[in-house]
Amino acid sequence: MDTKELGKILSCPITTKVNATGRLAAVMIILFGKQPSVLMTERPKTMNHHAGEIAFPGGTWEKDDGDLLDTAIRETREELGIEMTRSMVIGNLKPVTTLNSGFTILPYVTILDVLPKITPNSEIASLLEIPLVPLLHTIEDDKDPAHKSIMEMYTFKFENHLIWGASARMLKQMHDKIL
């Protein structure tokens with residue numbers, strides 16, 4: 001599968017608001033390369049929320065953000081130094097709620113031919129450039145009792161990294177659309 005096919009599958013009208021009463025956040029799912037890869041980040045173990053987890057760049061909605069797409073673009077710039085515009089976003093996935101911190105997260109999708117220069121900030125411990133289709137094939141039910149709740153939980157694996165929680169539920173949506 002190439003990025004052109006991927007773009008056709010994941011393109012959709014863009015939603016900028018969610019119907020939620022709790023805390024709001026947005027992430028940017030950055031797909032890139034001829035054989036699509038996805039850019040994910042590892043959070044430092046010292047963070048207040050989601051310490052040490054594998055995640056997409058993004059964060060909390062702020063009053064100065066016009067909408068959640070503005071949040072995803074701002075957070076991507078702050079965390080990675082990547083300048084994005086609204087026109088670079090091809091669609092979004094369904095909102096996902098975190099179980100431990102109560103955020104409702106709206107995931108946006110962009111496809112880039114190549115990754116620009118990345119300048120990670122202190123919220124990023126490391127960057128992971130993960131081949132997308134092989135990653136999606138690693139899906140398993142999350143067997144960790146500490147992660148179980150009333151929601152379906154999944155895991156994905158890349159090298160020695162385990163992706164679970166909200167990020168895994170976003171990947172599951174992509175899994176279901178792509179595979």
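Which residues does Asp-67 touch, not counting residues up to four places away in sequence? Keep that question in mind while you open the structure, which is a predicted model, and select Asp-67 in the loop between strand E4 (58-60) and helix H2 (68-80). Once its surroundings are displayed, the residues that Asp-67 touches, leaving out those up to four places away in sequence, are Thr-16, Lys-17, Trp-61 and Arg-86. Although Asp-67 sits in a loop, it counts as buried, because its relative accessibility is 11% and buried means under 20%. Now add Asp-70 to the selection, and look for the place where the side chain of Asp-67 reaches the backbone nitrogen of Asp-70 at 2.9 Å.

**Into helix H2**

From the loop, move on to Leu-69, whose place is in helix H2. Leu-69 counts as buried, with a relative accessibility of 2%. If you set aside the neighbours of Leu-69 within four places in sequence, the residues in contact with it are Ile-14, Thr-16, Met-28, Arg-86, Val-89 and Tyr-108. Select Thr-85 as well, and draw a distance between the two C-alpha atoms: Leu-69 and Thr-85 are 16 residues apart in sequence and 9.6 Å apart in space.

**Strand E1**

Next select Ala-26, which is placed in strand E1. Ala-26 is buried, with a relative accessible area of 0%. Its contacts, not counting residues up to four places away in sequence, are Pro-57, Gly-58, Gly-59, Leu-68, Thr-71, Ala-72, Ile-105, Leu-106 and Tyr-108. To relate Ala-26 to another part of the chain, select Leu-162, which is 136 residues away from Ala-26 in sequence and 21 Å away in space, C-alpha to C-alpha.

**Helix H1 and its two faces**

Now select helix H1 (residues 3-10), and begin at its N-terminal end, which is capped by Asp-2: a side-chain oxygen of Asp-2 lies 3.2 Å from the backbone nitrogen of Lys-4. Which residues of H1 are buried? Colour Thr-3, Leu-6, Gly-7 and Leu-10, for these are the buried residues of H1. They cover an arc of only 100 degrees around the axis, and therefore they lie on the same side of H1. Then turn the view to the face of H1 directed away from this buried side, where you will find the exposed residues Lys-4 and Lys-8. Returning to the buried residues of H1, show the elements against which they pack, namely strand E1 (23-32), strand E5 (89-92), strand E7 (103-112), helix H3 (132-136) and H4.

**Where H1 meets H4**

Keep H1 displayed and add helix H4 (residues 165-178), which packs with H1 at an angle of about 105 degrees, the axes being 10 Å apart. The angle means that H1 is roughly perpendicular to H4. To see the contact itself, select Leu-6, Ile-9 and Leu-10 on H1, together with Met-174, Lys-177 and Ile-178 on H4. Coloured by residue type, the residues of this contact divide into 5 nonpolar, no polar and 1 charged.

**Last stop**

Stay on H4 and select Gln-173, which is found in this helix. Is Gln-173 buried or exposed? At a relative accessibility of 16%, Gln-173 counts as buried. To complete this view, display Leu-93, Lys-94 and Val-96, the residues that Gln-173 touches when those up to four places away in sequence are not counted.

Terms used. Residues numbered from 1 in each chain as written. Predicted model: local features only at pLDDT ≥ 70, side-chain atom pairs only at ≥ 80, totals over all residues. Heavy atoms only, no water. Axes fitted to C-alpha atoms, helices over the stretch in contact; angles between N-to-C directions. Helix = DSSP H or I, 4+ residues; strand = E, 2+ residues; numbered from the N terminus. Parallel < 35°, antiparallel > 145°, perpendicular 65-115°, else oblique. Contact = heavy atoms within 4.5 Å. Nonpolar A, V, L, I, M, F, W, Y, C, P; charged D, E, K, R; others polar. Buried < 20%, exposed > 50% of the residue type's maximum accessible area, 1.4 Å probe, protein only. Arc of directions from axis to C-beta. Polar contact = N/O pair within 3.5 Å; in protein donor to acceptor, adjacent residues only side chain to side chain.
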